[in-house]
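Hi,

Here is the structure I promised to pass on. Have a look at it first, and my notes on helix packing and the cores follow below.

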Amino acid sequence: MSVVQKREEQGMKIGYIGLGNLGGHIAASLIRAGYEVVVYDRDPALGDRHRAMGAGVADSPADLAAQVDHVFTCLPSPAVSEAVLTQVLTTARPGMTWVENSTLGRDDVVLLAGLAQAAGLRMLEAPVTGGVHLAARGEITVLVGGDVDLLDLHRAALMAIGNRLFHMGPLGSAAVIKVITNMLAFIHLVADGEALMLARRGGLDLKTAWEAIAASSGSSFVHETEGQLILNGSYDIAFTMDLALKDLGFAMGFGQEFGVPLDLAGQTMQTFVKGRAAYGGAAQSTQIVKLLEDALGTDLRAEGFPARLE
């Protein structure tokens with residue numbers, strides 16, 4: 001048995017880089033599952049709750065990689081992922097795996113996996129989907145691309161992050177399905193805003209209308225979750241316009257590459273371009289519905305809906 005295998009039999013030590021809305025919850029889930037965890041974020045304050053849970057806090061990605069068996073990341077863009085990987089590689093040891101929870105394009109995954117492999121680090125892509133509230137509960141869905149032996153090695157940790165896991169195939173395949181799921185979510189979001197506005201302008205009680213849609217063939221995961229935040233008026237889904245446009249850009253790129261006309265996705269992307277222009281790239285993606293509210297001078301408020309999903 002190798003040194004690495006012996007260490008993993010005794011307990012895998014995981015480093016987690018990127019403690020934002022998703023990554024912070026994922027790292028917390030690993031700690032709660034009993035893993036020894038070391039965390040890092042460029043904003044040191046984001047590691048305070050993990051330190052209180054018993055995690056170590058590193059000073060840099062390189063410092064983190066020197067302390068752990070495997071590194072997980074959840075980062076906002078391919079450029080940031082590459083920059084962090086570059087630092088990790090300076091101290092990564094043989095047998096270490098990089099598990100990437102970020103949403104990347106397929107070409108980004110293949111490129112970064114090549115850079116990692118050249119330095120002796122194997123990569124498993126494992127983007128997550130379902131929303132920040134499910135990540136907080138350890139119930140998010142994990143989409144995996146990569147070698148089966150790496151999936152087997154990290155399956156228990158990935159199942160601590162989420163309660164459903166799908167192995168989509170080789171590296172890059174999880175990126176494709178993740179972009180597809182996000183594309184659908186953004187289309188559904190714009191459509192749900194239009195549906196709720198029809199109900200409002202048609203004189204219906206919005207709470208009852210929301211309940212009726214949720215119980216109908218027209219319902220969707222987005223209606224049942226983000227629809228509540230629209231009706232509350234908080235729009236607080238913890239996902240930005242900039243991130244939505246990043247993912248829609250990936251989708252349009254796949255459409256061009258695979259020869260699939262994405263009419264609805266294209267229209268939705270243009271709507272999000274307008275939303276970013278109106279409210280800023282850091283605005284909540286759910287605020288895309290506010291474009292319609294502002295244009296018609298009609299809000300979509302109703303009593304009894306939460307400001308955040310729990």
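**Helix packing and cores**

α9 and α11 sit oblique to each other, because their packing angle is about 55° and angles from 35 up to 65 degrees fall in that class. Please keep in mind that this is a predicted model. The axes of α9 and α11 are 10 Å apart, and α9 passes α11 in a right-handed crossing.

Which residues bring α9 and α11 together? From α9 come Ala185, His188, Leu189, Asp192 and Leu196, and they meet Val222, His223, Glu226, Gly227, Ile230 and Leu231 of α11. By type, the residues in this contact split into 6 nonpolar, 3 polar and 2 charged.

Next, the cores. The largest nonpolar core has 33 residues, and the members touching the most others are Leu231, Phe272 and Leu300. Two or more residues come from each of α9 (173-201), α10 (206-214), α11 (221-232), α12 (241-258) and α13 (263-279). The biggest contribution is that of α9, with 10 residues.

Phe272 is a good place to start when you open the viewer. Beyond its neighbours within four places in sequence, Phe272 is in contact with Phe186, Leu189, Val190, Met241, Ala244, Leu245, Leu248, Ser285 and Ile288. Leu189 is thus worth a look from both sides: it is one of the α9 residues that meet α11, and it is also among the contacts of Phe272.

Apart from this core lies another one, of 30 residues, including Tyr35, Leu124, Leu134 and Val144.

Best wishes

Key. Residues numbered from 1 in each chain as written. Predicted model: local features only at pLDDT ≥ 70, side-chain atom pairs only at ≥ 80, totals over all residues. Heavy atoms only, no water. Core = buried A, V, L, I, M, F, W, Y, C linked by side-chain atoms within 4.5 Å. Buried < 20%, exposed > 50% of the residue type's maximum accessible area, 1.4 Å probe, protein only. Helix = DSSP H or I, 4+ residues; strand = E, 2+ residues; numbered from the N terminus. Contact = heavy atoms within 4.5 Å. Axes fitted to C-alpha atoms, helices over the stretch in contact; angles between N-to-C directions. Parallel < 35°, antiparallel > 145°, perpendicular 65-115°, else oblique. Left-handed = near helix turned anticlockwise from the far one by under 90°. Nonpolar A, V, L, I, M, F, W, Y, C, P; charged D, E, K, R; others polar.
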